[in-house]
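Hi,

Here is the structure I promised to pass on. Have a look at it first, and my notes follow underneath.

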Amino acid sequence: MEDLKKRKMDEMINGQELALSSSQEQLRLLLDPLSKSQLVDLLSKLGSQYPSIAEEIKSVASADPVHRKLFVRGLAWNTSSETLCAAFEVHGEIEEGAVIYDKASGKSRGYGFITYKHMESTQTALGAPSKLIDGRMAVCNLACEGLNGVSTIPDLAQRKLYIGSLSPDITTEKLLSFFGRHGEIEEGSVAYDKDTNESRGFGFVTYKTVEAAKKAIVDPQKIFGGRTIIVKLADTHKGKPAQTQLAAVVPLTLPLAPGYTQPGKPHGGTLPVGYTYPQSVAPYHTSAFQSPAAAAPYPTQAPISYPPVPIKDPVGLPPTNSMGMGRYPYY
């Protein structure tokens, strides 16, 4: 009897598993043609109605640390890992956080990482990416994006300003307060020396909008900290040649000697008497030209024969014999 009950329970469970598997397969077939935006809307709607589905979504999203890890840049050289974590723990529980140091010198490299325990804490931190830490404006973004996530912003070159000729007593707080009147600042700080931690006399300010950056550039008030400061786009300070508009090249007309005309202009010189310009040239008729006739060959003549003339010895001269070496005659 117990074996029969057990057999029936096993069949029931198997039947439910088959039905569940068939149901999941059917749901997959229904969800497969949907777009990403449709799936996101559907899951968000179900998650708001059913807390169990919301917890499952959070668990799956937080399983991969890629969605929970932040890259923080622009840190001061004296910022420690504890200070970094204290600045970001307002958004949620931190699983891991550290400032990156140079192995050779042991000094900070100016950036670090923050890994939250839950993905929603990461999203909250990304909602306010700029934070003032140890007198410098630090900015965060997803670590999987790295610096590429920042440099690929199309209008970043039009929003980032170089501020030069700063007084040594100007701090990052004063810099941000002075330029904050033109618009909301996304990032900005004074540049400090790594060894002495003293101001290098310049800094950078990145606005959230291009309009605010333009206002800061055209602002006539350039006196800050008792000095006349330099405000320009940061890209033009990196040694890139500025594109200047060249003046239009106007061709110059040089005066020519009398007797020669310039194209499109009447003759302005004094012509010689009896000389008309331009002179007419008689047409050249190729049909009237005839090549000269070839010269007639010379007539052939018969050779002239002369009678033989006997050779006589010169008169009054004795005959001479040819002499060889040692005055011996030739034989």
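Before the first finding, a word on terms: a pocket here is an open set of points on a 1 Å grid, with protein on both sides within 12 Å along at least five of seven lines. Its volume is the space filled by probe spheres set on the points. Keep in mind throughout that this is a predicted model.

**The pocket**

By that reckoning, the second largest pocket comes out at about 280 Å³. Which residues line the second largest pocket? They are Lys 36, Leu 39, Val 40, Leu 43, Ser 44, Gly 47, Ser 48 and Ile 57. Helix α2, spanning residues 36–49, is the main contributor to that lining, giving seven residues. In character, the lining splits into four nonpolar residues, three polar ones and one charged.

**The five-stranded sheet**

Next, the sheets. One of them is open and built from five strands, ordered β2-β3-β1-β5-β4, with antiparallel pairing. At its edges sit β2 and β4 (130–133), each of which pairs on one side only. On average, and ignoring direction, neighbouring strands in this sheet are turned by 25° against each other.

Going through the pairs:

- β2 (residues 94–101) runs antiparallel to β3 and is joined to β3 by six bridges. Val 99 has Gly 112 of β3 as its bridge partner.
- These two strands, β2 and β3, also make a hairpin, with six residues between them. Gly 106, in the turn, has a positive phi of about 75°.
- β1 (residues 69–73) and β3 (residues 108–116) are antiparallel too, with five bridges between them. Here Leu 70 is found opposite Ile 114 of β3.
- β4 and β5 (residues 136–142) are antiparallel and share four bridges. Lys 131 has Ala 138 in β5 as its bridge partner.

Two helices lie across strands of this sheet. Helix α4 (residues 81–88) crosses β1, β2, β3, β4 and β5, and runs at about 140° to β2. Helix α5 (residues 119–127) lies across β1, β3 and β5, at about 135° to β5.

**The four-stranded sheet**

There is also an open sheet of four strands, in the order β7-β8-β6-β11, again with antiparallel pairing. Why do β7 and β11 each have one side without a neighbour in the sheet? β7 (185–192) and β11 (230–233) stand at the edges and each has a single partner strand, so one side of each has no neighbour there. From one strand to the next, the twist averages 20°.

Within it, β6 (residues 160–164) pairs with β11 in the antiparallel sense over four bridges. If you want a spot to look at, Ile 163 has Val 231 of β11 as its bridge partner. Helix α8 (residues 172–179) lies across β6, β7, β8 (199–207) and β11, and its direction is about 140° to that of β7.

**How far to trust it**

Now for confidence. The chain averages a pLDDT of 78, and 64% of the residues score at least 70. One stretch to treat separately is residues 240–249, where pLDDT stays under 50. For those residues the model has one contact beyond four places in sequence.

That's everything from my side. Over to you!

Cheers

How values were computed
Residues are numbered from 1 along each chain as its sequence is written. This is a predicted model: local features need pLDDT of at least 70, side-chain atom pairs count only at pLDDT 80 or more; totals for chains, interfaces and linings use all residues. Side-chain values use heavy atoms; hydrogens and water are left out. On a 1 Å grid over the protein atoms alone, a cavity is a set of points where a 1.4 Å probe fits but cannot get out, and a pocket is an open set with protein on both sides within 12 Å along at least five of seven lines; lining residues have an atom within 4 Å of a point. Ala, Val, Leu, Ile, Met, Phe, Trp, Tyr, Cys and Pro count as nonpolar, Asp, Glu, Lys and Arg as charged, and the others, Gly among them, as polar. Two strands pair if DSSP finds at least two bridges between them. Axes are lines fitted to C-alpha atoms, for helices over the stretch in contact, and angles run from 0 to 180 degrees between N-to-C directions. Contact means heavy atoms within 4.5 Å. pLDDT is the predictor's confidence in each residue, from 0 to 100.
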